[in-house]
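The following exercises ask for salt bridges to be located and their partners classified by burial. Work through each task before reading its solution.

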Amino acid sequence: MTAQEGQNIRIFLRNRPGESNPVSIENFGIETVTIPECKEGEIIAKTLCLSVDPYMRVQFNADPGVAYVNSWQIGQTFNGSGTGVIVESKDESFRLGDILHLPLCWPFQKFVNFNPQALLSNADPTIGLHALQKVESEILKKHPSLILGLLGVTGLTAILGIREKAHIIPGKNQTVIISGAAGACGTAAGQIAKLEGCGKVVGICGTDEKCKYLVDELGFDVAINYKTAKNIREKLLECCPEGVDAYFDNVGGDISNQVIKCMNKDSHVVLCGQISQYDKDLPYPPPIPDEITQLLKQNNITRERYTVLNYPEKFQESLVQLEAWFKEGKLKNRETFEMGLENAGKAFVSMMTGKNIGKQIIQVDV
């Protein structure tokens with residue numbers, strides 16, 4: 001199928017939810033647009049899969065409050081990590097049928113025009129995340145959605161968060177807590193903590209189905225449903241009498257406060273995400289109660305802001321390790337698909353309200 005044979009649509013920001021309101025489907029606009037012309041040095045790609053991620057919530061605000069992403073303007077096409085296949089090329093470096101990946105800024109559009117050299121020249125030379133990448137791995141060619149999750153930036157976030165911030169020492173029998181444990185990053189981080197040699201992994205999530213999946217399928221030692229547990233702290237003390245040595249924090253808020261109350265001296269918080277706070281008009285990282293600040297200081301608990309973009313020199317070796325573990329069956333993956341680009345808003349709202357298990361993907365080419 002060529003670009004000329006298809007219909008093009010795009011998904012754009014219709015209006016803002018407001019900094020203290022959840023995103024709704026009404027914030028997403030959809031329209032039919034012209035299929036772009038392919039000029040010399042350009043390519044046309046047909047979008048296959050798009051990723052929706054919690055970090056994108058701040059882009060709905062007039063001020064995102066962070067440096068690594070920009071706000072979307074009213075009427076602007078959404079963008080995020082995506083994959084596609086070339087249907088027309090006037091760049092000799094790219095051929096018809098090549099599978100492509102563009103982290104963080106693939107437009108939410110069915111047919112997309114790219115100038116690979118222009119993207120490369122504008123990419124951060126140390127990170128390279130905005131450069132168009134040709135997918136070479138046979139696994140990723142067969143399952144391109146994997147590069148949006150476990151074998152892409154999400155997997156990198158998990159493995160580097162564990163390796164650089166959790167301070168796991170094999171044989172020391174450490175206990176690691178993962179919040180948001182059934183999400184894309186949480187499922188990866190829990191499995192990787194085990195592979196890196198921790199003694200016990202406890203996941204916190206929001207349904208019994210997710211708890212069962214974490215324990216039965218992914219090898220978590222314990223999973224806690226925070227919606228039915230009467231007291232998170234008491235539950236943690238019950239299943240972790242030895243205390244907590246590392247906490248991979250994806251959610252923030254009261255859950256994180258209760259985990260920190262159970263942490264040992266000289267332990268570590270991996271401050272990865274704060275999804276429970278993203279719909280509030282707060283700076284990032286959001287402020288924490290004085291009581292928790294005092295506990296951190298008193299017990300010498302590190303809680304440093306973490307972003308995977310600070311470790312570009314470790315990307316390649318980490319991706320090689322993730323793919324090796326996946327091929328060996330040591331890392332399991334699960335994805336939740338929303339079919340059709342027109343359902344992008346539904347996919348995002350579902351992800352933000354915890355309806356997904358594993359990575360939330362929009363399957364565009366259906």
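**Exercise 1.** Determine how close the charged atoms of Asp98 and Lys134 come, and where the two residues lie.

Solution. Asp98 and Lys134 form a salt bridge whose closest N and O atoms are 3.6 Å apart, the criterion being a side-chain nitrogen of Lys or Arg within 4 Å of a carboxyl oxygen of Asp or Glu. Asp98 lies in the loop between β4 (79–89) and β5 (99–107), whereas Lys134 belongs to strand β7 (residues 133–134), so the pair ties together parts that are 36 residues apart in sequence. Asp98, at 16% relative accessibility, counts as buried, and Lys134, at 32%, as partly exposed; buried means under 20% relative accessible area, exposed over 50%, and partly exposed in between, with a 1.4 Å probe and protein chains only.

The model is predicted, so local features need pLDDT of at least 70 and side-chain atom pairs count only at pLDDT 80 or more, while totals for chains, interfaces and linings use all residues. Residues are numbered from 1 along each chain as its sequence is written, and side-chain values use heavy atoms, leaving out hydrogens and water.

**Exercise 2.** Carry out the same analysis for Lys165 and Glu304.

Solution. The side chains of Lys165 and Glu304 meet in a salt bridge of 2.7 Å, N to O. This pair links helix α3, which holds Lys165, to strand β13, which holds Glu304, across 139 residues; helices (H or I, at least four residues) and strands (E, at least two) are DSSP runs numbered from the N terminus. Lys165 is buried at 15% relative accessibility, whereas Glu304, at 44%, is partly exposed.
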